Amino acid sequence: MIPAAYAELLAIRGVRVPLVGSLVGRLPLALEGLAILFLARQVTGSFADAGLVEAFALVGTGIGLPVMGRLVDRLGQPRVLLPLAAVNAASLGVLVLVARGGASLGSLALLSALSGLSIPPLSSCMRNLWAGMLDDADSLQSAYALDAVIIEVAFITGPLVASGLTAAVSASAAVLAGAVLTLTGTVVFATSGASREWRARAEGPQHWAGALRAPGIWVLGAASAGFGFSNGAMVLALTAFGNSHDAAEIVGPFLSIQAVASMIGGIWFGARRWRSPAEEQYPRFNLVLALGLAPLILVPSVAVMGGLMVVAGLAIAPATAIEYVLVDRIAPPGTSTEAFGWVITAAVLGSGIGAALAGSIVNGGDLRLGFFAAFAGAGVAWIVSVLGRSKLQLAAQPALGRAAGL
C-alpha cells in the first residue's frame, strides 16, 4: 500500500509522464560510471587508470551541470535537455568504438569527460517541476524524498545492470545500455506537457554570480563534496575488495544493497511529518551517514560486507531529501536549476577526487585506507553541515513554487 503522502503526489495531474521519464533517464546515474570503470579497467589493466578515466567523466559532469542549469533557467527545459541527450549518446558510442580499438588513456579520458559534460540535468529539472506544483513545505519534503528514492532505484538497478552486462556480454554493452536509457528517458521527460510549460520565475535582473551569491549554497556544496568524495572512494575500495576476494563484479550487488537500504530510509523519511526544521535535520542525518560507513574499514569477508552495506545506506536518501529542501529555499529567484546543479557538481567533483585518490591507494594493496577515505569524506560533510548551520538557518524560510511556474 502506498503511503498517503506519496499517493497525494502521484495524483497530481501532469506529474506521471515526467516522473517516469526522469526515472528512466536517471537509471544510468550509477550504471554509466561503473560501466566506464569496467571498460577502462579492461583496456588499461589498472585500477588507478580506470579511476582516472571515471574521474574525467565526473569532472565533465561537474562542469556541465551548473552551466546547463543556468541555460535551463533562461531557455526552458526541452531546448537544453534534448540536444544534451543526443550528444551524450553519441559520445558514449564513440567511447566504445575507440576502446575496442585499443585507444590510449588520453582518448578514453577525453571521451569520458564529454559524456559527463553532456549529461542532461534531469534531477534538477524534476525538482523544479515539483517546486512549481506544490504549495506547502510538508508536501515538498515528501516530493523530494520521493525524488531521492527514485535516485536510489537507479543505484539499485544501475550497478546490477552494469555488472550483469559486463559479466554476460561486455563492458561495452553496459556503456551502450546507459546511453540508450539516458536518451529515451530524456525524450519522454522533455516532451511532457509539464516540462514544456515550465518557466523559471526570475525577479529583477539576473546577477552574474547566479545561485552562488547565496552563502548557503556554498555550505551545501561543501557538504555535498564531502559526501561525493566518500562515495567515489567507496566504489573504488569496494571494487578492489571484490577483486581481492576473487569476485570483481560483486561491487554491483554491494552498491545495490546500499541503495535498497537508502530507498527504505527515504520512504520512511518522506512518509513522516517532521517537527524539527530542515537545517537541524541535515547535520543529524549526515552524522548517521558517516557513522554507518565506519565499520567498513575492518570488514573481513564478502558476507559481512554485504550485511554492513545496509547500515551504510539507511541515511543517504533522508540526508539527500533534506538537502533538496534547503537548496530550494536558499536559491535566489530564477536560479533554482543552476543551484541544484552547483550542489550536484560539488558531489560529482568530490566523487571524482575520491575515486582517483582511492584508486591510487587500493592499487597499492591497502584496502582499509580506501574505506577510511570513504568514512573521512562523510565525516567532512557532517562537520561542514554543523559549522555552516547558521547560513542555512538564515535562509530557511518557505519559498515554495517561486523557482518555477506551471
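**Helices, core and ring pairs in a predicted model**

Helix α6 makes a handy starting point: at 1.5 Å a residue, the 13 residues of this helix (residues 105-117) should span 18 Å, and its end C-alpha atoms are indeed 18 Å apart, so the two values agree. It should be said right away that the structure is a predicted model. Which residues of α6 are buried? They are L108, A109, L111, S112, A113, S115 and G116. The cover over these buried residues includes α3 (28-44), α4 (47-75) and α5 (78-100).

One residue of that cover is worth a closer look. V53 has its place in helix α4, and with a relative accessible area of 2% V53 is buried. Setting aside residues up to four places away in sequence, V53 touches I36, A40, L105, L108, A109 and S112. Of these, L108, A109 and S112 are also listed among the buried residues of α6. The C-alpha atom of V53 is separated by 9.2 Å from that of R41, and the two residues are 12 apart along the chain.

Stepping back to the whole chain, there are 18 helices and 2 strands. How does the overall spread of the chain fit with a compact globule? With 406 residues, such a globule would have a radius of gyration near 22 Å, and the chain has 20 Å, which agrees. Taken along the principal axes, the C-alpha atoms fill a box of roughly 55 × 45 × 40 Å. Buried residues make up 57% of the 406 residues. Contacts also reach far along the sequence: among those between residues at least 6 apart, 86% join residues at least 24 apart.

Now for the inside. The largest nonpolar core has 108 residues, and those with the most contacts inside it are W130, Y144, L238, L296 and M305. Helix α11 (residues 215-244) gives the most to this core, namely 13 residues. M305 touches L238, F241, F254, L296, V299 and F371, once residues up to four places away in sequence are left out.

F254, one of the residues M305 touches, lies in helix α12 (residues 251-271). Is F254 buried or exposed? At 3% relative accessibility, F254 counts as buried, the cut-off being under 20%. Leaving aside neighbours within four places in sequence, F254 is in contact with L238, F241, V302, M305, G306 and M309. F254 and P159 are 95 residues apart along the chain, yet their C-alpha atoms are separated by 8.6 Å.

Next come the aromatic rings. A pair of aromatic rings is described by the distance of the centres and the angle of the planes. The count here comes to 7 aromatic pairs. In one of them, the rings of Y144 and F340 have their centres 6.3 Å apart and their planes at 75°, so this pair is edge-to-face. The pair links distant parts of the chain, with Y144 in helix α8 (residues 137-168) and F340 in helix α16 (residues 336-363), 196 residues apart. Y144 and F340 are both buried. F241 and F371 make another pair: their ring centres are 6.2 Å apart and their planes at 75°, so this one is edge-to-face too. F241 lies in helix α11 and F371 in helix α17 (residues 367-387), so the pair ties together parts that are 130 residues apart in sequence. Both F241 and F371 are buried, and both are among the residues touched by M305.

Y144 and F340 turn up again in a cluster, where ring pairs link them with Y324. Y324 has a charged partner as well: the charged end of R127 sits over the ring of Y324, 3.6 Å from its centre.

Two more buried residues round off the picture. S124 has its place in helix α7 (residues 122-133), and S124 is buried, with a relative accessible area of 1%. What does S124 touch, not counting residues up to four places away in sequence? The partners of S124 are T337, F340, G341 and I344. Q141 lies in helix α8, the helix that also holds Y144. With a relative accessible area of 11%, Q141 is buried. Not counting residues up to four places away in sequence, Q141 touches F269, W274, Q281 and V325.

Conventions: Residues numbered from 1 in each chain as written. Predicted model: local features only at pLDDT ≥ 70, side-chain atom pairs only at ≥ 80, totals over all residues. Heavy atoms only, no water. Core = buried A, V, L, I, M, F, W, Y, C linked by side-chain atoms within 4.5 Å. Buried < 20%, exposed > 50% of the residue type's maximum accessible area, 1.4 Å probe, protein only. Helix = DSSP H or I, 4+ residues; strand = E, 2+ residues; numbered from the N terminus. Contact = heavy atoms within 4.5 Å. Phe/Tyr/Trp six-rings, centres within 6.5 Å; stacked < 30°, edge-to-face > 60°. Lys NZ or Arg CZ within 6 Å of the ring centre and 35° of its normal. Expected span 1.5 Å × (residues − 1). Rg over C-alpha atoms; globule rule 2.2 N^0.38 Å.
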